[in-house]
Amino acid sequence: MSAVHSPLQAQVVQWQVEPGAAVQAGDLLVILEAMKMEHEVRAAFAGRLGEVFFTAGELVESGALLARIEPMGATA
């Protein structure tokens with residue numbers, strides 16, 4: 001599993017992928033907002049989006065664990 005971390009302190013705007021969905025490297029996972037600017041967090045590699053730890057509207061700290069990406073062969 002690989003961790004997806006927040007690059008900055010922000011508010012979660014919207015998840016673009018549901019847990020359990022397959023993602024490719026570069027796919028948009030979640031949109032964050034900080035100082036009235038949107039920031040896109042993208043998948044670093046292909047896999048399946050696992051557990052998501054924050055929902056839309058929640059505030060996250062810089063470096064916070066947002067979600068995990070499981071390798072495609074892993075069981076959910």
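Ala-21 sits in the loop that joins β2 (10-15) to β3 (22-23), and it is a good place to begin a walk through this predicted model. Its relative accessible area is 26%. Because buried means under 20% and exposed means over 50%, Ala-21 counts as partly exposed. Setting aside its neighbours within four places in sequence, Ala-21 is in contact with Gly-47, Arg-48 and Leu-49. Now look at Ala-34, 13 residues from Ala-21 along the chain: the C-alpha atoms of these two residues are separated by 26 Å.

Gly-47 also leads us to another part of the chain. Residues touched by Pro-71 include Gly-47, and Met-1 is touched as well, when residues up to four places away in sequence are not counted. You will find Pro-71 in the segment after β8 (65-70). Along the chain, Pro-71 and Met-1 are 70 residues apart, and their C-alpha atoms are separated by 6.3 Å. Pro-71 is partly exposed too, with a relative accessible area of 39%.

Let us turn to charged side chains. In general, side chains of opposite charge can pair when their charged atoms come close. How many salt bridges does a search of the whole structure find? The search finds one. This salt bridge brings together the side chains of Glu-40 and Arg-42, at 2.6 Å from N to O. Where do the two partners stand in terms of exposure? Glu-40 has a relative accessible area of 49%, so it counts as partly exposed. Arg-42 is partly exposed as well, at 42% relative accessibility.

Conventions:
Residues are numbered from 1 along each chain as its sequence is written. This is a predicted model: local features need pLDDT of at least 70, side-chain atom pairs count only at pLDDT 80 or more; totals for chains, interfaces and linings use all residues. Side-chain values use heavy atoms; hydrogens and water are left out. Helices (H or I, at least four residues) and strands (E, at least two) are DSSP runs, numbered from the N terminus. Buried means under 20% relative accessible area, exposed over 50%, partly exposed in between (1.4 Å probe, protein chains only). Contact means heavy atoms within 4.5 Å. A salt bridge is a side-chain nitrogen of Lys or Arg within 4 Å of a carboxyl oxygen of Asp or Glu.
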